[in-house]
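Student: Let us go through this model together, one question at a time. Please keep the answers short.

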Amino acid sequence: MEMQLPPHEGGELSVVDMHTGGEPLRIILSGYPEVKGDSVLSKRRYVREHLDHLRRVLMYEPRGHYDMYGALIVDSELPEADLAVLFMHNEGYSTMCGHAVIALGRFAVDYKLVKEPKSPETQVNIHCPCGLVKAFVEYSEGKTGGVRFLSVPAFAFATDVTVTVEGFGEVTVDISYGGAFYAFVNAQRFGLDVSKSRTRDLVDAATAVTRAVKCQVKLHHPASDDLAFLYGTILTDGKDDYSPEPTANICVFAEAQVDRSPTGSGVTARVALQYHKGLIQLNQTRTFQSGATGSQFTGKAVEETKCGDFKAVLVEVAGRAFYTGVSRFVQEADDKLTHGFLLK
């Protein structure tokens, strides 16, 4: 039987669903009104102020879930960009998302957002709110594969910062930027293991750190005040010295949302932090593993650069993304839960 939309009033929202290392990405194909603004950052502000109800429709239950992640493709003001994107989650809108860039790179080639795919790799320029990110998609005989991307300049913002964390006392954290700011703490500080401890315990510890850093540390970014906020906390296994063995971490971001992947922008920030501390060298590839799913990304610092007064590096992160399906969502006028809800 041919699938047809049920009777409904109003428009519909069409999406393609993917995942990268277990972390979902809902790519919005149609159903949004015009997103106004003369830059990607201004478009981010516009959707936050005028279209946030659609984020809730797609990210929240009953169509999504607490840890859903989304991407809205918009026009870029940069002539070299193949597409621009706004990232969304349970709390609002991020400035960078590496797992999404990996998925979007493959999506852009498969959905012909780039004109001429080339073997063995096709370059896709993705304009994120943090800046232009270059993705390189494996392409052979009409099929796409793994994706690597080059980050925006990433840098260690502050190291060995002491904050007072409710329930845990004084905790020493590092803060690093990989398209978004993260606090980094060894999970052993809380008696936890990122791969074995209960997810709820990891979330509680990371969330407490995030709240403390937000209150006690003032962040700034040389390019824009829109980038100067703490996105989340990444708990690690403490294995920061270079090793051919994987190092595990788990990222808790936005409103206590748990990343199922190793976290692309988090890997970027962690590589920048390790490079800053002299723990890795340029072009030393490390494997980063998700404490949640065991999925892996690779990351390496490939070039020194500057970001304002910060010594920075460009980081290459690589992983795989996969399709999970397509959906067409509708809203019924008398559905009291149509605008979405979250269970915490």
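Student: What volume does the largest cavity have?

Tutor: This is a predicted model, in which local features need pLDDT of at least 70, side-chain atom pairs count only at pLDDT 80 or more, and totals for chains, interfaces and linings use all residues. Residues are numbered from 1 along each chain as its sequence is written, and side-chain values use heavy atoms, with hydrogens and water left out. A cavity is a set of points, on a 1 Å grid over the protein atoms alone, where a 1.4 Å probe fits but cannot get out; points are joined across faces, edges and corners, and the volume is the space filled by probe spheres set on them. For the largest cavity that volume is about 80 Å³.

Student: How many cavities of 30 Å³ or more are there?

Tutor: The count uses the cavity rule with a floor of 30 Å³. It comes to one.

Student: Which residues lie nearest the centre of the largest cavity?

Tutor: Lining residues have an atom within 4 Å of a cavity point. Helix H3 (98-110), strand S13 (247-253) and helix H5 (264-276) each supply at least two of them; helices (H or I, at least four residues) and strands (E, at least two) are DSSP runs, numbered from the N terminus. The lining has 15 residues, and those nearest the centre are Cys97, His99, Tyr231, Asp259 and Thr263.

Student: What distance separates the centres of domain 1 and domain 2?

Tutor: The assignment gives domain 1 (9-151 + 323-331) and domain 2 (152-317), with bounds from an automatic or database domain assignment. Their contact (heavy atoms within 4.5 Å) takes 32 residues from domain 1 and 34 residues from domain 2. Taken over C-alpha atoms, the centres are separated by 23 Å.

Student: Which residues touch the most other members of the largest nonpolar core?

Tutor: A nonpolar core is a set of buried Ala, Val, Leu, Ile, Met, Phe, Trp, Tyr and Cys residues joined through side-chain atoms within 4.5 Å. Buried means under 20% relative accessible area, exposed over 50%, and partly exposed in between (1.4 Å probe, protein chains only). Of the 93 residues in the largest core, the ones that touch the most other members are Leu104 and Leu235.

Student: Why does this core lie between the domains?

Tutor: The core lies between them because residues come from both sides. The contributors are domain 1 (9-151 + 323-331) and domain 2 (152-317).

Student: Which residues does Leu104 contact beyond four places in sequence?

Tutor: Neighbours within four places are left aside here. The contacts of Leu104 are then Leu25, Ile27, Ala71, Val85, Phe87 and Ile126.

Student: Are the faces of S4 covered or uncovered?

Tutor: Strand S4 spans residues 83-88, and six of its six residues are buried. One side carries Leu83, Val85 and Phe87, the other Ala84, Leu86 and Met88. Both faces are covered.

Student: Which residue of S5 stands opposite Phe87?

Tutor: Strands pair if DSSP finds at least two bridges between them. S4 and strand S5 (residues 93-94) run antiparallel, joined by two bridges. They form a hairpin with four residues between them. Opposite Phe87 stands Ser94.

Student: In what sense do S4 and S6 pair?

Tutor: Strand S3 (residues 70-74) pairs with S4 over five bridges in the antiparallel sense. With strand S6 (residues 121-128), S4 has two bridges, and Leu83 has Ile126 as its bridge partner. The sense of the S4 and S6 pairing is parallel.

Student: What is the relative accessible area of Ile126?

Tutor: Ile126 is found in strand S6. Beyond four places in sequence, Ile126 touches residues including Leu83, Val85, Val101 and Leu104. Ile126 is buried, and its relative accessible area is 0%.

Student: Which residues of H2 are buried?

Tutor: H2 (52-59) is among the elements that cover the buried residues of helix H1 (residues 40-50). Six of the eight residues of H2 are buried, so H2 is largely enclosed by the rest of the structure. Those residues are Asp52, Leu54, Arg55, Val57, Leu58 and Met59.

Student: Is Val217 buried or exposed?

Tutor: Val217 lies in the loop between helix H4 (199-216) and strand S12 (230-236). Leaving aside neighbours within four places, Val217 contacts Phe157, Val161, Val163 and Ile175. At 16% relative accessibility, Val217 counts as buried.

Notes
On a 1 Å grid over the protein atoms alone, a cavity is a set of points where a 1.4 Å probe fits but cannot get out, and a pocket is an open set with protein on both sides within 12 Å along at least five of seven lines; lining residues have an atom within 4 Å of a point.
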